[in-house]
Amino acid sequence: MIFDFEMIRQVYASYASKVEQARKHTGKALTLAEKILYAHLSEPVIRPYKRGADYVNFNPDRVAMQDATAQMALLQFMQAGKSRAAVPSTVHCDHLIQAKAGAAQDLNVANKTNEEVYNFLSSVANKYGLGFWKPGAGIIHQVVLENYAFPGGMMIGTDSHTVNAGGLGMIAIGVGGADAVDVMVGMPWELKFPKLIGIKLTGKLNAWAAPKDVILKVAGILTVKGGTGCIVEYFGEGAQSLSCTGKGTICNMGAEIGATTSTFGYDKSMEKYLRATGRAEVADLANGIREYLTGDAEVYANPEKYFDQVIEINLSELEPHLNGPFSPDIATPVSKMKEEAQKNGWPTKVEVGLIGSCTNSSYEDISRAASIAREAARLNLKAKAEYSITPGSELVRYTIDRDGYIADFDKLGGKVFANACGPCIGQWAREGADKKEKNTIVHSFNRNFAKRADGNPNTYAFVASPELVTALAIAGDLTFNPLTDTLVNEAGAAVKLTPPAGDELPTRGFDVKDAGYQAPATDGSGVEVLVSPTSDRLQLLTPFEPWNGKNYTGMKLLIKAKGKCTTDHISMAGPWLKYRGHLDNISNNLLIGAVNFFNEETNKVKNQLTGQYAEVPAAARAYKAQQVGTLVVGDENYGEGSSREHAAMEPRQLGVKAVLVRSFARIHETNLKKQGMLALTFVNKADYDRIREDDTIDMLGLTGFAPGKNLELVLHHTDGSQDTIEVAHTYNENQIEWFKAGSALNLIRKQQA
C-alpha cells in the first residue's frame, strides 16, 4: 500500500518548474536543501532569501505526531474549528509503552494503562481524517521512513527526531504542536530561512565503523549547539556509499547538534529502500526528476561557495566512537576510551547494553548486531552485561524474527522489548535504578542526558552503534576495543570478535502480518471525541489570556537556571508522560530538573511571598494565585533536546511572563513564542550575573514592542539599588501578534471565525 500517492505525484509534477524559478531568482546553483525549501514556499519565489535572517512561509506536505505530543497538538487542533486536517497527517502510539518484562507483556500493560489516551487519539484521528498507528506498530520515525517519507518532500513532526526522514532525502523538521496545528488547518508554516552546513563524506566505512559513527564524530565537532539555525547537507562519494537507513541514523541524531534538520541527495540506496518497502511507483516518479532531488554538481564541486560551513570526513579512516556521558557531543574514539575513562573517573563496568530506538532500529542495524551475537555463540562467549533489543517497527520485528535474528539474541540472553521508544525516553522500569548507584550503560539511542534513560542521575550513559554496544555488552567493559582486544570465553581461551556483517535490506523481502495501521473514517462528522471532565490524563484546553497592553511590572524571579537546561529539565518525561494530555497536571513537573543557580539544588527555589524555599511548581502557583508575574532565567542553549511544547505551555500555564537566557535552542524558542510568551536573550551575556534571587523585575518597552527593537529589564534589588539591562528578541510582526493575542492558536481561532 502506498500512502498519499496522489499528493506525492502532484508535488513532483511542479517540482522542476519551481526549482528552475528559484535558480532564476537566486542566480546561482542550488544545494538540495535550497531546492526543497524553495519548492515548498507558500508564495511564488520573488527574491532570494537571506539565510539566518528572513522569516519565510512554507507549505509542508505532511504532518506526523507521536502519542505523547499528539495529545496536546490535537487538543489545540480541536479548538481551531476545522472538520478535517488540510494535509496528510498521522498519529503514532510509541511513547507510552514502558519497557519492563518484554514485548508482549509490556504492550498488554500499556493497552490497559493508557486505554483512555489511546481511545482519545484513535477517535480524534478517525474524526479528523488522520492515519492512526496503534500501540506496538512501531516508533514514529521508523514507521514514517517505511511508509511516508519521500525524496524532495517537506514534512514537520511533533518530535525533534522527525529529522530522521532526511535519510530519504526530505526536509523533515521537528516542531511543537502549535506549529503542527498551523499546517493541519491549512495555514502556511513559518521558519527562519536556515543557514547551510555542508558535510562532505569521502571513502567508505569498513570493519567496525557504522553510520552512527559519522554523526557521533560530527557531534564532537559541532557540539550540541553548533547546528542551531542550520540545515546539514551530506554529500560526496561516501554519502552515496551509505544505506538509506544508515543515512536516516545520521539525520536522526542531527537533532543532538541543534540542527534544524539534515538531509542527503536522492541516490540508488534510497531507490532500493523505496522499492523494498512497497513504493516502487514513488521511486519511478523520483527517478523522473532525479536531478532536482540532489544538490547541483557545481555546489558539490565547490562547496565553500555555497555552504556557510563545510566539514570533510573520510569514512575509510573513521573509528568507532562512544559519546558521553551526560551529553551526546562528548566524542571519544574507542581506542581512546581507556585513557579518557581513567582520566575522568568514569565507571568502566558495563551494566546494560541496549540497542534499537528510532535512531538505530532498522533491519540493517539489527542484522549487524545479530551477527555479533551469533559470533559470540560460536566463540563460546556469554554477555557479561544485561542486553536488550528494541525493534523500530512491527515490519522490522516480524522480518528479523522470520530471518532468525531474534533467536541469535536469545542465545546471548537478550530481551526484546516492544516496538516503541522505551528506555530511550525514560520509559524503562529498570530494576534498582531507585538506589541511584553509580553505574555505566551503553546504548544506540540518541540522547544521554542525566536521568534520561532510567531516572538515576548517577547512570553514566554512552552512545554508540548497535554493533559496538553489542560487543561492549559481551565484554562488560567500557574500555574494550573490538578492533584490537581479545576476550576470554567460557573455556578460558582468548578469542577475538570478527567485524560485524549484515544485509542492508532483507534478501527475502520484508514481511508482516499486521503492521498496526488504522485508516480514518471517510466521513468523521458523526464521530464523537470524549474527554471526561474528571480525567487526570486528559483535559480540554482553556485559551490563554491575551496581553493586557501594558508593560510587565512587579515580576518575581521564579528560577535562575544554572548550566545545561534541556527540555528534559524543564518538563521531564518518564513517569510524567502519562499527563501529556492534561496541561494542569503535567505543569507540576515544571523545571523540577533545573539547577537553581543560588543553591545549586534542583526543585528548590525561594518563594519571595513567604521567604521560604519551595518546589518550583508550588512557588509558581503561589505567585499566580496572587497575580504576580514571574521570570525564568537560563544559560546557553536553553531548551536543548526534545521538541515537547509542554516545556513552553507549562510556564505559560503557571504564570511565567518571560524566559530570559543567554541563548535558545531553536524549537524551544519557537514554542515559547507560539504560546504567547516572551522569549528573550541578554544583549550582554554577562548581565546574567546581575540577576539576584530576591529581585523584583519590570519589563519595559512592551507598549512599543516591534521587530528589531530591544526591551529593557529593570532589576529592583532588596538593598534598594537597581540595574537596568538591555534584552533582545527575534520576534517578527506576525509573532508579535501571537504575543498580543495570547497565543498563536488564539490568533488562528480569531482568523478562522
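In the predicted model, Lys-200 stands opposite Glu-312 of strand E11, a pairing that belongs to the contact between strand E8 (residues 195–202) and E11, where 6 bridges join the two strands in parallel. Helix H3 (residues 32–39) packs on the sheet and touches E8, strand E9 (230–235) and E10, with a direction that makes about 125 degrees with that of E9. Helix H11 (residues 244–252) also packs on the sheet, where E9 and E10 are the strands touched, and the direction of H11 makes about 160 degrees with that of E10. The sheet itself is open and consists of 4 strands in the order E10-E9-E8-E11, with parallel pairing. Strand E10 (261–264) and strand E11 (309–314) form its edges, each pairing on one side only, and the twist from one strand to the next averages 20 degrees.

A further set of parallel pairings is centred on strand E5 (residues 154–157), which is joined to strand E2 (residues 62–66) by 3 bridges and to strand E6 (residues 171–174) by 4 bridges. Met-155 takes part in both registers, standing opposite Arg-62 of E2 and opposite Ala-172 of E6. In a regular strand the side chains alternate between the two faces of the sheet. In E5, Met-154 and Ile-156 point one way, whereas Met-155 and Gly-157 point the other way, and all of these residues are buried.

Among the helix pairs, helix H1 (residues 5–13) and helix H13 (residues 280–288) have axes that come within 10 Å and cross at roughly 5 degrees. Because angles under 35 degrees count as roughly parallel, H1 and H13 are assigned as roughly parallel to each other. Their contact is made by Phe-5, Ile-8, Arg-9 and Tyr-12 on the side of H1, and by Glu-281, Val-282, Leu-285 and Ala-286 on the side of H13.

The largest nonpolar core contains 188 residues, of which Tyr-15, Leu-201 and Tyr-234 touch the most other members. When neighbours within four places in sequence are set aside, the contacts of Tyr-15 are with Lys-35, Ile-36, Ala-39, His-40, Gly-152, Ile-289, Tyr-292 and Leu-293. A second core, separate from the largest one, comprises 51 residues and includes Ala-619, Val-633, Tyr-638 and Leu-678.

With regard to the cysteines, the structure holds 0 disulfides. The sulfur of Cys-93 lies 11 Å from the closest cysteine sulfur, which is in Cys-421, and this separation is too far for a bond, given that a disulfide requires two cysteine sulfur atoms within 2.5 Å. Cys-244 is likewise in no disulfide, the nearest cysteine sulfur being that of Cys-251, 9.3 Å away. Both residues are buried, with a relative accessible area of 1% for Cys-93 and a relative accessibility of 1% for Cys-244.

Several backbone features merit separate description. Most residues other than glycine have a negative phi, and most peptide bonds are trans. A cis peptide bond nevertheless joins Gly-324 and Pro-325, with omega at about 5 degrees, and Pro-325 is placed in the loop between strand E12 (321–323) and strand E13 (331–333). Lys-451, a residue other than glycine, has a positive phi, near 75 degrees, and is situated in the loop between strand E17 (439–443) and strand E18 (459–463). A positive phi is also found at Gln-627, where the value is about 60 degrees although the residue is not a glycine; Gln-627 occupies the loop between helix H22 (616–625) and strand E25 (630–634). As to solvent accessibility, Lys-451 counts as partly exposed at 33% relative accessibility, while Gln-627 is exposed, with a relative accessible area of 76%.

Finally, Ala-297, which lies in helix H14 (residues 297–301), is exposed, with a relative accessible area of 65%. Between Ala-297 and Glu-640 the separation is 343 residues in sequence and 35 Å in space, taken from C-alpha to C-alpha.

How values were computed. Residues numbered from 1 in each chain as written. Predicted model: local features only at pLDDT ≥ 70, side-chain atom pairs only at ≥ 80, totals over all residues. Heavy atoms only, no water. Buried < 20%, exposed > 50% of the residue type's maximum accessible area, 1.4 Å probe, protein only. Pairing = 2+ DSSP bridges. Axes fitted to C-alpha atoms, helices over the stretch in contact; angles between N-to-C directions. Contact = heavy atoms within 4.5 Å. Core = buried A, V, L, I, M, F, W, Y, C linked by side-chain atoms within 4.5 Å. Parallel < 35°, antiparallel > 145°, perpendicular 65-115°, else oblique.
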